[in-house]
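Good morning, colleagues. Please look at the sequence and the structure as they come up on the screen.

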Amino acid sequence: MKKLLVLLAAAAMMFSMSACGNKNVTKSDIDKVEGQKVTESQSSGVTSEEAGDYDISIENAKVIDTDEGKAILVEYKFKNHTKTEQSFDGIYGTEASQNESTLTPASAVMPADGIDITSAVKPVGKNEVAVAQKYYLLDDEETDVVVTVTRNGDDPGSPISKTFTIK
């Protein structure tokens, strides 16, 4: 009887450890963040890139309050296909603009449920998917925001972009 209990306990530990190690998909937490959900405008450009070593897409956005004023929180999905760990910021540069002016990245985002201010710099292993969050201070609360992602380096390729309606 004791041997059976020991075997069952060992099996339970094995399954629980294998579930903890599965980092294949990271769930977005933007729904937990207090703020105004914004919608995607009719966008004519490319909003994701699925080629080569990395996959990237611009996912969701929400207007949030910061110590510096209203900001737009943008979530990106990043998949690493290389053998080495990479961070979102190490591979891609981002920009948000409003009224044809580049928005300032927000630096005083308060910790809150669903917000991870370090998500863009966390290492992502081979075939892992991560959600990176970036924040930009809004010029106003009525004009659309255009979010653009460009690959860092000598051959950046074509940028991807998505436009969000703030109203």
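In this predicted model, Glu40 and Lys162 form a salt bridge, and their closest N and O atoms are 3.5 Å apart. The partners belong to distant parts of the chain: Glu40 sits in strand E2 (residues 39–40) and Lys162 in strand E10 (residues 160–165), 122 residues apart. With a relative accessible area of 42%, Glu40 is partly exposed, whereas Lys162, with 8%, is buried.

How many salt bridges does the count come to? The count comes to four salt bridges, and I shall take two more of them in turn. In general, side chains of opposite charge can pair when their charged atoms come close.

One of these joins Asp89 and Lys134, with 2.8 Å from N to O. Asp89 lies in helix H2 (residues 88–91) and Lys134 in strand E8, so this pair ties together parts that are 45 residues apart in sequence. As for accessibility, Asp89 is partly exposed with a relative accessible area of 27%; Lys134 is buried, with a relative accessible area of 18%.

Another salt bridge brings together the side chains of Asp65 and Lys70, at 2.9 Å from N to O. Is Asp65 buried or exposed? Its relative accessible area is 58%, and because the cut-off for an exposed residue is over 50%, Asp65 counts as exposed. Lys70, at 31% relative accessibility, counts as partly exposed.

Let me turn to the strands. Strand E4 (residues 54–66) and E5 run antiparallel and are joined by eleven bridges. These two strands form a hairpin, with two residues between them. Within this pairing, Ile58 has Tyr76 of E5 as its bridge partner. E5 also pairs with strand E8 (residues 129–137), again in the antiparallel sense, over nine bridges. There, Glu75 has Gln133 of E8 as its bridge partner.

Next, the aromatic residues. A pair of aromatic rings is described by the distance of the centres and the angle of the planes. The count comes to five aromatic pairs. Why is the pair of Phe78 and Tyr92 classed as edge-to-face? The ring centres of Phe78 and Tyr92 are 6.1 Å apart and the planes stand at 80°, so the pair is edge-to-face, the cut-off for that class being over 60 degrees. Phe78 is part of strand E5 (residues 69–80) and Tyr92 is part of strand E6 (residues 92–98), so the pair ties together parts that are 14 residues apart in sequence. Both partners are buried: Phe78 has 0% relative accessibility, and Tyr92 has 3%.

Which residues do ring pairs link into a cluster? Ring pairs link Tyr54, Tyr76, Phe78, Phe88 and Tyr92 into a cluster. Tyr76 is thus a member of this cluster as well as the bridge partner of Ile58.

Finally, I should like to draw attention to Ser87, which lies in the loop between E5 and H2. At 16% relative accessibility, Ser87 counts as buried. Its side chain reaches the backbone nitrogen of Gly90 at 3.0 Å. Leaving aside residues up to four places away in sequence, Ser87 touches Phe78, Ala120, Val121 and Lys122. Phe78 therefore appears in two settings here: Phe78 is touched by Ser87, and its ring forms an edge-to-face pair with that of Tyr92, because the centres lie 6.1 Å apart and the planes stand at 80°.

Thank you for your attention.

Key: Residues are numbered from 1 along each chain as its sequence is written. This is a predicted model: local features need pLDDT of at least 70, side-chain atom pairs count only at pLDDT 80 or more; totals for chains, interfaces and linings use all residues. Side-chain values use heavy atoms; hydrogens and water are left out. Rings of Phe, Tyr and Trp (its six-membered ring) pair if their centres lie within 6.5 Å; planes under 30 degrees apart count as stacked, over 60 as edge-to-face and the rest as tilted. Helices (H or I, at least four residues) and strands (E, at least two) are DSSP runs, numbered from the N terminus. Buried means under 20% relative accessible area, exposed over 50%, partly exposed in between (1.4 Å probe, protein chains only). Two strands pair if DSSP finds at least two bridges between them. A polar contact is a pair of N or O atoms within 3.5 Å; within protein, one must be able to donate a hydrogen and the other to accept it, and residues adjacent in sequence count only if both atoms are side-chain atoms. Contact means heavy atoms within 4.5 Å.
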